[in-house]
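Grab a coffee and open the viewer. Below are a few exercises, each with a solution worked through step by step.

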Amino acid sequence: KILELFETSDQRHMSADDVYGILREQGNEVPIASIYRTLSQFEAAGLLVKHRFDGDISVYELVPDKHHDHLLCIKCGSIEEFVDPTIETRQEAIADKYGFEITDHSLYIYGVCKNCQ
């Protein structure tokens with residue numbers, strides 16, 4: 001049910017509490033500890049990616065087909081995904097300059113979304 005929720009929900013980034021609340025709304029009583037365990041197992045299996053956008057709260061998303069970065073609203077918590085070829089090219093140039101081989105990276109931009117401005 002948890003994996004199905006990630007596959008079918010319009011909400012791409014969910015915390016364990018989000019999953020718990022949605023499952024309860026659907027009439028499924030799943031202990032929160034089981035949700036945390038399952039999310040960790042899905043992350044270990046390469047099905048989900050875990051992000052720590054804001055302090056102690058972790059959110060998960062399905063492993064994306066393509067790399068993307070995130071814009072995060074500090075007021076409402078909304079998350080927008082984006083891809084920018086210029087940023088990707090610049091990161092590669094910086095890594096080359098310092099003799100680094102990029103194995104993974106993530107960019108989180110914090111600000112205030114248009115709805116909260």
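**Exercise 1. Among contacts between residues at least 6 apart in sequence, what percentage joins residues at least 24 apart? Then sketch the overall layout.**

Step 1. Keep in mind that this is a predicted model. Of the contacts between residues at least 6 apart in sequence, 44% join residues at least 24 apart.

Step 2. Now list the pieces: the protein has 4 helices and 5 strands. Walk along the sequence and you get the pattern α-α-α-β-β-β-β-α-β.

Step 3. For overall dimensions, the C-alpha atoms fill a box of roughly 55 × 40 × 25 Å along the principal axes. Out of 117 residues, 26% are buried.

**Exercise 2. Which residues of helix H2 are buried, and what covers them?**

Step 1. Scan H2, residues 16-25: Ala16, Val19, Ile22 and Leu23 are buried.

Step 2. Look down the helix axis. The buried residues of H2 fall within an arc of 130 degrees, so they line one face of the helix. The spacing rule helps here: an α-helix has 3.6 residues a turn, so residues three or four places apart point the same way.

Step 3. Find the cover. Helix H1 (2-8), helix H3 (32-44) and strand S2 (57-62) are among the parts that cover the buried residues of H2.

Step 4. Check what comes right after the helix. Just after H2, Gly27 takes a positive phi of about 90 degrees.

**Exercise 3. Which residues of the largest nonpolar core touch the most other members, and where does the largest share of this core come from?**

Step 1. A general idea to start with: in soluble globular proteins, nonpolar side chains tend to be buried together.

Step 2. Pick out the best-connected members. The largest nonpolar core has 13 residues, and Ile2, Phe6, Met14, Val19, Ile35, Leu39 and Leu48 touch the most other members.

Step 3. Assign them to helices. H1, H2 and H3 each supply at least two residues of this core, while H2 gives the largest share, 4 residues.

Step 4. Zoom in on one member. Leaving aside residues up to four places away in sequence, Met14 touches Leu5, Phe6, Ser9, Val19, Ile22, Ser58, Val59 and Tyr60.

**Exercise 4. In what order do the 3 strands of the open sheet lie, and which strands stand at the edges?**

Step 1. Get the order. The 3 strands run S4-S3-S5 across an open sheet with mixed pairing.

Step 2. Find the edges. Strand S4 (79-82) and strand S5 (108-111) each have a single partner strand, so one side of each is left without a neighbour in the sheet. From one strand to the next, the twist averages 20 degrees.

Step 3. Take the parallel pair. S3 (residues 69-73) pairs with S5 in the parallel sense over 4 bridges. His70 has Tyr108 of S5 as its bridge partner, and Cys73 has Gly111 of S5.

Step 4. Take the antiparallel pair. S3 and S4 pair in the antiparallel sense over 4 bridges, with Leu72 partnered by Ile79 of S4. These two strands form a hairpin with 5 residues between them, and Gly77 in the turn has a positive phi of about 85 degrees.

Step 5. Ask how covered S3 is. Of its 5 residues, 4 are buried, so to speak a mostly covered strand.**Exercise 5. How many salt bridges does the structure hold, and which residues are linked in a network?**

Step 1. Count them: there are 3 salt bridges. As a reminder, side chains of opposite charge can pair when their charged atoms come close.

Step 2. Start with Arg12 and Glu61. Their closest N and O atoms are 3.2 Å apart. Glu61 sits in strand S2 and Arg12 in the loop between H1 and H2, so the pair ties together parts that are 49 residues apart in sequence.

Step 3. Move on to Arg12 and Glu81, whose closest N and O atoms are 2.8 Å apart. Glu81 lies in strand S4, so this pair ties together parts that are 69 residues apart in sequence.

Step 4. Join the two up: Arg12, Glu61 and Glu81 are linked in a network of salt bridges.

Step 5. Compare the surroundings. Glu61 counts as buried at 1% relative accessibility, Arg12 is partly exposed at 40%, and Glu81 is partly exposed at 30%.

Step 6. Finish with Glu29 and Arg24, a salt bridge with its closest N and O atoms 3.6 Å apart. Glu29 is exposed, with a relative accessible area of 58%, whereas Arg24 is partly exposed at 44%.

How values were computed: Residues are numbered from 1 along each chain as its sequence is written. This is a predicted model: local features need pLDDT of at least 70, side-chain atom pairs count only at pLDDT 80 or more; totals for chains, interfaces and linings use all residues. Side-chain values use heavy atoms; hydrogens and water are left out. Buried means under 20% relative accessible area, exposed over 50%, partly exposed in between (1.4 Å probe, protein chains only). The arc is that of the directions from the helix axis to the C-beta atoms. Contact means heavy atoms within 4.5 Å. Two strands pair if DSSP finds at least two bridges between them. Axes are lines fitted to C-alpha atoms, for helices over the stretch in contact, and angles run from 0 to 180 degrees between N-to-C directions. A nonpolar core is a set of buried Ala, Val, Leu, Ile, Met, Phe, Trp, Tyr and Cys residues joined through side-chain atoms within 4.5 Å. A salt bridge is a side-chain nitrogen of Lys or Arg within 4 Å of a carboxyl oxygen of Asp or Glu.
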